[in-house]
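Grab a coffee and work through these short exercises with the structure open beside you. Try each task before you read its solution.

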Amino acid sequence: MEIDASWDTPTPPQRLWLVAYDIAHPKRLRKIATLCENYGRRLQYSVFLCACSQSEVQTLQARARSIMDRAHDHLVVGRLCTACRSSIIQHGVEKALPGVADTLVV
């Protein structure tokens with residue numbers, strides 16, 4: 001799935017998902033990063049915000065699990081509800097967050 005650069009609010013059946021990972025080996029790390037880049041926007045080195053349907057996020061997870069070494073690597077995927085998105089607070093350099101209209105930067 002390729003992300004449209006103009007998206008800012010997911011449309012049904014899409015939802016916003018927060019994806020974070022900690023991958024021990026550089027080769028697997030690059031593969032997971034490339035995979036996540038195909039589904040969303042990078043917020044931090046290992047944190048992505050993705051606008052995906054339920055089936056797309058399940059595919060993302062399945063592909064990630066096939067790359068990961070479960071004894072050493074970690075992946076977290078969580079759906080952001082509308083109320084959660086509106087309560088996001090950023091600290092430091094302001095970054096535009098897709099799907100989040102107003103963000104408080106401290």
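A quick note before you start: this is a predicted model. Its accessible surface comes to about 6700 Å², and 53% of that belongs to carbon and sulfur atoms.

**Exercise 1.** Work out which elements the protein has and in what order they run.

*Solution.* Start by counting: you should find three helices and six strands. Then walk along from the N terminus, and you'll read β-α-β-β-α-β-α-β-β.

**Exercise 2.** Find the strand order in the four-stranded open sheet, and say which strands stand at the edges.

*Solution.* Take the order to begin with: it goes β2-β3-β1-β4, with antiparallel pairing. Now look for strands with a single partner; those are β2 (40-44) and β4 (74-80), so each has one side without a neighbour in the sheet. Neighbouring strands here are turned by 25° against each other on average, ignoring direction. For one pairing in detail, take β1 (residues 15-22) and β3 (residues 47-52), which are joined antiparallel over six bridges. In that pairing, V19 has F48 of β3 as its bridge partner.

Which strands does α2 touch? Helix α2 (residues 54-67) packs on the sheet against β1, β3 and β4, and its direction makes about 140° with that of β3.

**Exercise 3.** Decide whether L35 is buried or exposed, and list its contacts beyond four places in sequence.

*Solution.* Locate L35 in helix α1 (residues 26-37). Its relative accessible area is 3%; buried means under 20%, so L35 is buried. Next, collect the contacts: L35 touches L60, R63, A64 and I67. Take R63 as a check: it sits 28 residues from L35 in sequence, with 8.0 Å between the C-alpha atoms.

Technical notes
Residues numbered from 1 in each chain as written. Predicted model: local features only at pLDDT ≥ 70, side-chain atom pairs only at ≥ 80, totals over all residues. Heavy atoms only, no water. Helix = DSSP H or I, 4+ residues; strand = E, 2+ residues; numbered from the N terminus. Areas by Shrake-Rupley, 256 points an atom, 1.4 Å probe, with all protein chains shown as cover. Buried < 20%, exposed > 50% of the residue type's maximum accessible area, 1.4 Å probe, protein only. Contact = heavy atoms within 4.5 Å. Pairing = 2+ DSSP bridges. Axes fitted to C-alpha atoms, helices over the stretch in contact; angles between N-to-C directions.
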